[in-house]
Amino acid sequence: MFYITTPIYYVNDAPHLGHAYTTILADVLARYHRLRGEPVYFLTGVDEHGQKVQNAVRKNAITDPQAYVDEMAERFKTTWKRLNIAYDDFIRTTEPRHVRVVQQVLQQLWDAGLIYRGEYQGWYCVSDERFWTEKDLVDGCCPDCGRPVEHIAEDNYFFQMSRYQDWLVDYIERNPDFIQPAFRRNEVLGFLRRPLADLCISRSASRLSWGIPLPFAPDYVTYVWFDALLNYVTAAGFGVDEDRFAAQWPQALHLIGKDILITHAVYWPTMLQAAGLPQPRRIFAHGWWVIGGTKMGKSLGNAVSPLDLVDIYGVDAFRYFIMRDMTPGLDADFDAERVDSRYTSDLANNLGNLLQRVVNMTGRYCGGCIPQPGPETAEEAGLRALVEALPGQVFEQIDRLAVNTALSQIMDGLTAVNGYLERTAPWTQAKAGRAERVTAILYTAAEALRLISVLLSPVLTEKTREIFSRLGWEDDQAGDGLAWGVLKPGSAVTAGDPLFPRIG
Ligand code: MSP
């Protein structure tokens, strides 16, 4: 079972390139695992409570917060649909299934004495929804976003996070793959060298009413992170479907951005440990899309809208670009010129032209039908061996979450097919009347293109279907599309417009 999650996104922000990146990465990984025949559960969703959402509601003079979050949740769903995101579940934290889980876990920890009431004094950053200590502040402002902070003293409820510090350090040390990449794991261990405080998990309802009431103190609502993190177990069937939960939950792979590493790698494991639940299998933090060195996002007003890029390049090219141009774990600079050059070199030339050549030559020399595979020379055997080895290499990269490397290997495969056609020159063979060579070459090239396109299908979800149909192959997913020799001689190929037309 492959259980993959994205962060649940705050509904006060329209989905931008950063959100699209995590979600497409999860979708692509889910599709690769499905391609391998594994059962997959892909979860995404939205985070609907908390100060940011309440502030957005107030700012827009909205009277009904639920109507606001309903509308914003739809915006995410619509965007994901346009980006061909095939999630299995879309969770919203205002759903009764989730509210029930949050209250159940709170009650359990309260009954076990792991939550207590005490006085809280601190500096609160409204924008980050985080309390800071005096020494955290930079020039009296939030060290994260630089905005002014408010001093607050009030009674609150605390989760005894500190008692899990030693356990957590030990757990991370014993499970080297728990937090990835390794430098993020070291960052968390560094953070844990300082004493870990208890976690304030409540907000006074007088200040923040938009949240899940504490079951044992209804004049307080649950801190948004304590609420949000639990979405991952809600969706896995916690408390309602114990069998599914037992099988699915421990397999979880959390994809997150580096901005939410501490909440996922410190708060969340201690919450699970306190509740007597197993840990997720892996937490992977990727980097940011930046523009000229600054993080892209709503607050900075530099957000790139994924749908604008889809309008220009098409959904497949957009998915390809953001998967190809970010090394998972590191930041990547968004550069419109690079989108253009990838489009032309990788998609229009390497892939699109190859399809055009194969289909046109099959039309000209083989009556428009996939020919018989003919005897192989060293050239055919060499290309076949290269292409047959590709799925194994690609899946190895996928297991490391290195989709960019997988795509670069796939592109090398296509370059090899193009090189093969140059060297074997079926047009020269045809002139010389060597019909058997021509059919052997064209079968090999068409089959290589088909198989490589299957490997591209998790990223290019639409164009690969077009390729299959032009090659006269219906990918009914019944057989092994990654095996060699699947194209049936005699199937009709179809010519058509360029797969990736010139832009502009
Ligand atoms: N609601 C919390 C997450 C709760 S998960 C239990 C949250 N939401 S968010 O809307 O701010 O989304 C944060 C996530 O969006 C990041 O972790 C990352 O996955 C993605 N990105 C937002 N901006 C990004 C970039 N500029 N670049 C890449 N991804 C970034 O935090």
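This is a dialogue about reading the ligand site and some helix and strand contacts in a predicted model.

Colleague: What should I keep in mind about the model before reading any local feature?

Modeller: The model is predicted, with local features needing pLDDT of at least 70 and side-chain atom pairs counting only at pLDDT 80 or more, while totals for chains, interfaces and linings use all residues. Residues are numbered from 1 along each chain as its sequence is written, and side-chain values use heavy atoms, with hydrogens and water left out.

Colleague: Which residues come nearest to the ligand?

Modeller: A residue is near a molecule if one of its heavy atoms lies within 4 Å of it. Here 24 residues surround the ligand, and Ile8, Tyr10, Thr22, Asp47 and Trp289 come nearest. With Ala, Val, Leu, Ile, Met, Phe, Trp, Tyr, Cys and Pro taken as nonpolar, Asp, Glu, Lys and Arg as charged, and the others, Gly among them, as polar, this shell holds twelve nonpolar, nine polar and three charged residues.

Colleague: Where does an oxygen atom of the ligand meet an N or O atom in a side chain?

Modeller: A polar contact is a pair of N or O atoms within 3.5 Å; within protein, one must be able to donate a hydrogen and the other to accept it, and residues adjacent in sequence count only if both atoms are side-chain atoms. In this site, the side chain of Thr22 places an N or O atom 2.7 Å from a ligand oxygen, and a polar side-chain atom of His286 is 3.5 Å from an oxygen atom of the ligand.

Colleague: At what angle do helices α14 and α17 pack?

Modeller: Helices (H or I, at least four residues) and strands (E, at least two) are DSSP runs, numbered from the N terminus. Axes are lines fitted to C-alpha atoms, for helices over the stretch in contact, and angles run from 0 to 180 degrees between N-to-C directions. Helix α14 (residues 378–399) packs against helix α17 (residues 435–456) at about 5°, with the axes 10 Å apart. The two helices are therefore roughly parallel to each other, a label for angles under 35 degrees, with over 145 roughly antiparallel, 65 to 115 roughly perpendicular and the rest oblique.

Colleague: How do α2 and α3 pack?

Modeller: Helix α2 (residues 51–59) meets helix α3 (residues 65–82) at about 105°, again with axes 10 Å apart, which makes α2 roughly perpendicular to α3. In this contact (heavy atoms within 4.5 Å), Val53, Ala56 and Val57 of α2 meet Pro65, Tyr68 and Val69 of α3, and these residues divide into six nonpolar, no polar and no charged.
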